[in-house]
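Please read these notes with the model open beside you. Check each point against the picture as you go.

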Amino acid sequence: MAPKAGGDSAKVNSSVYKNKSKPTDVRLSNINAAKAVSDAIRTSLGPRGMDKMIQAANGEVTITNDGATILKQMSVIHPAAKMLVELSRAQDIEAGDGTTSVVVIAGALLDAAEKLLQKGIHPTVISDGFQKALQMALQVVESMSIPVDLTNEDALLKAAATSLNSKVVSQHSSILAPIAVQAICAVMETIPGGVGARVDLRDVKVIERIGGTVEDTELIQGLVIAHRSANVNGPHRIEKAKVGLIQFCISPPKTDMDHNVIVSDYAAMDRVLKEERQYILNIVKQIKKAGCNVLLVQKSILRDALSDLAVHFLDKIKTMVIKDIEREDIEFVCKTLGCRPIASLDHFTAENLVNVDLVEEVNEPGGRYIKMTGCNTGGRTVSVLVRGTSGAVVAEAARSLHDALCVVRCVARRPALLPGGGAPEAAASAALARAAIAAPGADHYCLRAYADALEEFSRLNPIETVTELRAAHASGAAGCGAGVNVRRGRVTDMRQEHVLQPLQVTASALGLATETVRAILKIDDIINTWWRKGKTRLGDRSGRYTERSATVSK
């Protein structure tokens with residue numbers, strides 16, 4: 001008979017594992033925390049969803065019903081609740097829309113899983129059953145999708161309008177939806193011999209301007225710089241402009257931060273000023289020699305990118321100067337204008353300049369900005385100028401436009417649309433309910449629970465709406481588009497109502513929500529790392545912690 005382990009080890013193990021109900025308590029705690037996050041944003045789902053007012057610590061107020069924005073600014077402490085925040089962020093990265101839906105689906109699946117746990121079904125069995133249900137649901141959703149021709153802008157408009165109709169600025173969907181479609185079509189690159197197209201949202205620059213209304217939002221085929229020119233008496237409108245982008249400063253050079261130049265007399269001071277004047281004058285002469293009449297200057301950290309003397313000289317040669325171009329905007333500016341940044345004065349030649357049809361400084365009550373149009377040598381980029389009466393309205397309009405851009409991008413990547421209004425979820429629920437009848441053992445309960453969870457999108461009278469949806473999808477007819485029409489208060493065919501959503505958004509939401517729920521179900525303990533080296537602490541229901549030695553392999 002083998003000897004027992006040492007006394008200390010036995011005592012620790014007995015004290016840690018003697019409470020057999022602890023894994024169940026931890027699992028239920030995780031489920032309740034995650035469901036609390038889901039319940040917090042459940043009311044903001046759909047066209048009749050309510051908005052949330054978020055007040056930051058600095059007093060800044062945000063009004064939105066976007067799930068990713070709400071969860072990003074929420075103060076979440078529980079680790080399981082943080083998983084739902086990460087879930088919403090993952091959906092935002094993957095699809096750009098459906099950030100509220102994915103959290104609501106996860107909350108419904110967790111509620112269904114909790115009921116299965118109360119029946120005594122093991123969490124691993126539930127996790128495997130949910131994975132089978134997901135595969136069946138994705139097959140049903142893909143079978144009812146409608147192929148889309150990317151040259152058909154009408155289908156793209158319907159998808160963008162559906163996304164915008166659930167936003168705060170839904171009344172302006174007829175204006176923002178065409179802008180989103182035109183922007184994506186302008187930057188879209190078809191894949192030769194492949195399906196779909198490549199879309200990089202970094203090629204669409206959204207600029208927010210306070211002033212006017214959302215109806216004044218416009219799409220600009222060119223470049224918009226959100227601040228005024230640096231000139232004092234220089235030109236404000238130049239046609240047939242020659243534009244150069246420089247990364248060096250037009251100001252006197254400075255010493256290092258640890259060094260000083262001490263000038264002892266007036267003669268030395270005059271000599272320093274003359275040298276600075278001559279230094280700047282040589283740079284301006286080179287600019288004039290190259291024929292540049294619009295100069296873009298990258299923002300400098302170490303010293304002023306443009307001195308007052310340089311502005312004076314550039315005004316004299318009738319050159320418009322726009323300074324403080326941010327470093328992260330250089331790539332977009334270069335791609336839009338078709339130019340390369342010039343790092344030194346020696347390379348500032350006519351060959352490195354680009355021609356632009358019109359550069360003008362637009363003066364508005366909200367301030368001035370620079371607009372460049374007619375960039376013939378530029379790449380596939382566009383700028384969208386979003387306007388609004390206040391900062392909160394402009395910010396929400398920009399977020400809504402971003403979601404619409406992401407929806408059109410999803411269609412471009414995977415050209416297929418689904419009827420909205422909860423139709424895909426209802427069809428998947430009906431199919432899973434039929435499959436659950438013949439499923440053996442615990443799979444029957446898991447498929448049935450997954451089917452019930454997908455009916456969370458019935459937002460009106462639950463009994464009447466769910467019954468009508470079930471009846472519409474009970475026949476199992478392929479391509480049934482019956483969904484909840486919240487404006488009419490009944491079930492209608494979403495395809496006839498032109499309520500369409502991308503297949504990628506729904507498929508991504510189902511997949512990510514199920515993956516997160518499976519991860520939460522398999523957690524049976526929470527281990528908090530402690531400051532003491534070589535130790536971890538295990539939390540129990542009462543808040544007490546038990547030390548356990550931790551072996552670290554090197």
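The numbered points below cover one helix and some salt bridges.

1. This is a predicted model: local features need pLDDT of at least 70, side-chain atom pairs count only at pLDDT 80 or more, and totals for chains, interfaces and linings use all residues. Residues are numbered from 1 along each chain as its sequence is written, and side-chain values use heavy atoms, leaving out hydrogens and water.

2. Start with helix H4, residues 79-94 (helices are DSSP runs of H or I, at least four residues, numbered from the N terminus). Its 16 residues should span 22 Å at 1.5 Å a residue (1.5 Å times one less than the number of residues). The end C-alpha atoms are 22 Å apart, which agrees.

3. Which residues of H4 are buried (under 20% relative accessible area, 1.4 Å probe, protein chains only)? They are Ala80, Ala81, Leu84, Val85, Leu87, Ser88 and Gln91. Seen down the axis, they fall within an arc of 165 degrees (directions from the helix axis to the C-beta atoms), so they line one face of H4. They pack against helices H2, H3, H5 and H16.

4. The whole structure has 21 salt bridges (a side-chain nitrogen of Lys or Arg within 4 Å of a carboxyl oxygen of Asp or Glu). In one of them, Arg518 pairs with Asp128, with the closest N and O atoms 3.8 Å apart. Arg518 is in H16 and Asp128 in H6, so the pair ties together parts 390 residues apart in sequence.

5. Asp443 forms a salt bridge with Lys132, at 2.9 Å between the closest N and O atoms. Asp443 lies in H14 and Lys132 in H6, so this pair links parts 311 residues apart in sequence. Asp443 counts as buried, at 19% relative accessibility.

Definitions and conventions:
Helix = DSSP H or I, 4+ residues; strand = E, 2+ residues; numbered from the N terminus. Buried < 20%, exposed > 50% of the residue type's maximum accessible area, 1.4 Å probe, protein only. Contact = heavy atoms within 4.5 Å.
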